[in-house]
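Open the model in your viewer and keep the sequence panel beside it. The stops below say what to select next and what is there.

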Amino acid sequence: MKTVPEYGQVLANAGFVDVQAKNYTKEFVDVLKRELGEFTAKKKAIIEEFSQKDFDYIVNGWNDKVGRCADGDQVWGYFVAKKPYA
């Protein structure tokens, strides 16, 4: 796996210019935590419509992503680049 800057370099090596490669992991984790809070606030309704198993699956998935990000095993990159005109 490559780092966010290394992926940015892949874009540059492919001919893109003005490449911006930004690590957005912190912002993504903030979104995950906010969504998890909103989701768990609706726990009763979600379980009634779906199931406890479905609820747990979603919550565990969110928590797994947060954990991987905290451990440095998962990052989220934001990339912007321009295709040069020929």
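Two residues are called in contact here when they have heavy atoms within 4.5 Å of each other. This is a predicted model, in which local features need pLDDT of at least 70 and side-chain atom pairs count only at pLDDT 80 or more, while totals for chains, interfaces and linings use all residues. Residues are numbered from 1 along each chain as its sequence is written, and side-chain values use heavy atoms, with hydrogens and water left out.

**Stop 1: the strands**

Select alanine 81, which is found in strand β2. Helices (H or I, at least four residues) and strands (E, at least two) are DSSP runs, numbered from the N terminus. Which residues does alanine 81 touch, leaving aside its neighbours within four places in sequence? Its contacts are Phe16, Val17, Asp18 and Val19. Show alanine 12 as well: the C-alpha atoms of alanine 81 and alanine 12 are 8.3 Å apart in space, although the two are 69 residues apart in sequence. Alanine 81 has a relative accessible area of 30% and is therefore partly exposed; the class runs between buried, under 20%, and exposed, over 50% (1.4 Å probe, protein chains only).

Now pick aspartate 18, one of those contacts of alanine 81. Aspartate 18 lies in strand β1, residues 17-23. Check its backbone: phi is near 50°, a positive value in a residue other than glycine.

Step back to glycine 15, in the loop between α1 (4-13) and β1. Glycine 15 is partly exposed, with a relative accessible area of 33%. For a long view, draw a distance from glycine 15 to arginine 68: the two are 53 residues apart in sequence and 32 Å apart in space, C-alpha to C-alpha.

**Stop 2: two helices side by side**

Two packed helices are described by the angle between their axes and the distance between the axes. Select α2 and α4 together. Their axes come within 10 Å and cross at roughly 155°. The axes are lines fitted to C-alpha atoms, for helices over the stretch in contact, and the angles run from 0 to 180 degrees between N-to-C directions. α2 and α4 are therefore roughly antiparallel to each other, a label given to angles over 145 degrees, with those under 35 roughly parallel, 65 to 115 roughly perpendicular and the rest oblique.

Which residues of α2 and α4 make the contact? From α2, display Thr25, Phe28, Val29, Leu32, Lys33, Glu35, Leu36, Phe39 and Thr40; from α4, display Phe55, Ile58, Val59, Trp62, Asn63, Lys65, Val66 and Cys69. By class, the contact of α2 with α4 has 11 nonpolar, three polar and three charged residues. In this scheme Ala, Val, Leu, Ile, Met, Phe, Trp, Tyr, Cys and Pro count as nonpolar, Asp, Glu, Lys and Arg as charged, and the others, Gly among them, as polar.

Centre on leucine 32 in helix α2. Is leucine 32 buried or exposed? Leucine 32 is buried, with a relative accessible area of 3%. Apart from neighbours within four places in sequence, leucine 32 is in contact with Trp62, Lys65 and Val66. The C-alpha atoms of leucine 32 and valine 66 are separated by 7.3 Å, with their positions 34 residues apart along the chain.

**Stop 3: the aromatic rings**

Rings of Phe, Tyr and Trp (its six-membered ring) pair if their centres lie within 6.5 Å; planes under 30 degrees apart count as stacked, over 60 as edge-to-face and the rest as tilted. By this rule there are five aromatic pairs. Start with phenylalanine 28 and tryptophan 76, a tilted pair at 3.9 Å centre to centre and 35° between the planes. The pair links distant parts of the chain, 48 residues apart: phenylalanine 28 is in helix α2 (residues 25-41) and tryptophan 76 in the loop between α4 (52-71) and β2 (77-82). Phenylalanine 28 counts as partly exposed at 22% relative accessibility, and tryptophan 76 counts as partly exposed at 28%.

Next, take phenylalanine 39 and phenylalanine 55, a stacked pair with 5.2 Å centre to centre and 10° between the planes. This pair joins helix α2 to helix α4, across 16 residues of sequence. Phenylalanine 39 and phenylalanine 55 are buried. Add Trp62 to the selection: ring pairs link Phe39, Phe55 and Trp62 into a cluster.

Finish on phenylalanine 39, whose contacts, leaving aside neighbours within four places in sequence, are Ile46, Phe55, Ile58, Val59 and Trp62.
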